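Colleague: I should be grateful for a close look at the aromatic pairs of this model. Please take them one at a time, and then turn to the surface and to one loop.

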Amino acid sequence: MELNMDGRDHTSCCQNLQVPENCLGFCKGHLVPTTGIQALCLNYIPRYVQCFVNGTMYLPTPPESVMVKVVNGTTVLLTWEPPTSNCDVLTGCHYVVSLWNFEKNMTRNKTRETKFLLTGLKSQAVYFVAVMAVNKYGKSISSGEMKFVTPPLVADVDISVSQTPSYPPSQHGEVELFCNVYSAERTFPFVYWIRNNKIIRKGRQLKMSGLSERDEGNYTCSAKDDRGIVSNITHFLRIMCVLKFSIGEVI
């Protein structure tokens with residue numbers, strides 16, 4: 001047997017009418033006896049009905065159209081539509097956002113807006129979230145449980161290499177490579193240059209003189225931000241060869 005599910009949590013009303021604790025789950029609309037003890041809860045149907053009738057006038061229904069938008073590896077934006085009933089300024093309505101993971105570590109946050117920014121999450125982790133509406137008379141049941149996975153951390157950074165002189169330097173000449181790294185939110189305590197899989201210089205600036213053909217090739221600037229996320233950019237340095245001619249040699 002089931003009562004009509006109206007999206008409201010009538011537990012508080014049932015407690016006031018002295019419904020036993022083992023039967024309080026039925027005050028959310030589910031009367032499906034699975035044990036002998038729960039079958040005895042059917043004796044309290046008149047009290048459930050009374051709470052459902054009274055609660056319809058005052059309690060909020062659940063938030064609707066809950067959506068999760070992943071911002072980055074540690075941040076998620078949760079949005080929803082207001083309940084269809086009994087959730088306005090007059091009833092003092094607000095929302096409770098519940099977040100938990102597989103370890104059942106749960107956090108709850110209160111807001112009056114129909115959105116909430118979840119921050120400080122772990123990257124590449126599975127989370128569950130639900131929202132309920134609460135007013136001065138009681139609360140709705142939770143919205144449907146939603147599962148989401150945070151993506152890997154990525155560096156939000158602009159990185160480029162500038163070369164001076166901008167044209168290919170000649171053999172025996174000199175050149176400067178500079179690693180330009182910028183982010184509005186991050187700092188970069190470690191910047192270094194890599195050639196042939198080895199760190200050849202620490203810092204953003206790489207100066208070389210007495211160039212030869214062996215210096216031609218790829219140079220990689222590697223920038224590690226304050227979270228330990230590394231961004232790389234590779235620059236190809238071309239060396240202009242100097243041609244040598246013997247006296248009397250015909251070109």
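Modeller: In this predicted model, Trp-100 has a relative accessible area of 12% and is therefore buried, the limit for that class being under 20%. Phe-128 also counts as buried, because its relative accessibility is 10%.

These two residues belong to the aromatic pairs, of which there are 4 in total. The ring centres of Trp-100 and Phe-128 lie 6.1 Å apart and their planes meet at 20°, so this pair is stacked. Planes under 30 degrees apart are counted in that way. The pair joins distant parts of the chain: Trp-100 belongs to strand S4 (residues 94–100), whereas Phe-128 belongs to strand S7, and 28 residues separate them. Together with Phe-102, Trp-100 and Phe-128 form one aromatic cluster.

A further pair is made by Tyr-127 and Phe-148. Their ring centres are 5.7 Å apart with the planes at 20°, so this pair too is stacked. Here again distant parts of the chain are linked, with Tyr-127 in strand S7 and Phe-148 in strand S9 (residues 146–149), 21 residues apart. Both Tyr-127 and Phe-148 are buried.

Tyr-137 offers an aromatic residue in another setting. Its place is the loop between strand S7 (126–135) and strand S8 (138–140). With a relative accessible area of 43%, Tyr-137 is partly exposed, because this value falls between the 20% limit for buried and the 50% limit for exposed residues. Along with Met-57 and Tyr-58, Tyr-137 makes up a nonpolar surface patch of about 330 Å². Residues enter such a patch with over 30% relative accessible area.

The loop to be considered last is the one that holds Ser-183, between strand S11 (174–182) and strand S12 (190–195). Although Ser-183 lies in a loop, its relative accessible area is 10%, and the residue is therefore buried. The side chain of Ser-183 reaches the backbone nitrogen of Arg-186 at 3.2 Å, a distance that falls within the 3.5 Å limit for a polar contact. When neighbours within four places in sequence are set aside, Ser-183 is in contact with Asp-156, Val-157 and Phe-188.

To bring the two loop residues together: Tyr-137 is partly exposed, whereas Ser-183 is buried. Strand S7, for its part, contributes Phe-128 to the pair with Trp-100 and Tyr-127 to the pair with Phe-148.

Definitions and conventions. Residues numbered from 1 in each chain as written. Predicted model: local features only at pLDDT ≥ 70, side-chain atom pairs only at ≥ 80, totals over all residues. Heavy atoms only, no water. Helix = DSSP H or I, 4+ residues; strand = E, 2+ residues; numbered from the N terminus. Buried < 20%, exposed > 50% of the residue type's maximum accessible area, 1.4 Å probe, protein only. Polar contact = N/O pair within 3.5 Å; in protein donor to acceptor, adjacent residues only side chain to side chain. Contact = heavy atoms within 4.5 Å. Patch = residues over 30% accessible without salt bridge, like charges linked within 9 Å, V, L, I, M, F, W, Y side chains within 5 Å. Areas by Shrake-Rupley, 256 points an atom, 1.4 Å probe, with all protein chains shown as cover. Salt bridge = Lys/Arg side-chain N within 4 Å of Asp/Glu carboxyl O. Phe/Tyr/Trp six-rings, centres within 6.5 Å; stacked < 30°, edge-to-face > 60°.
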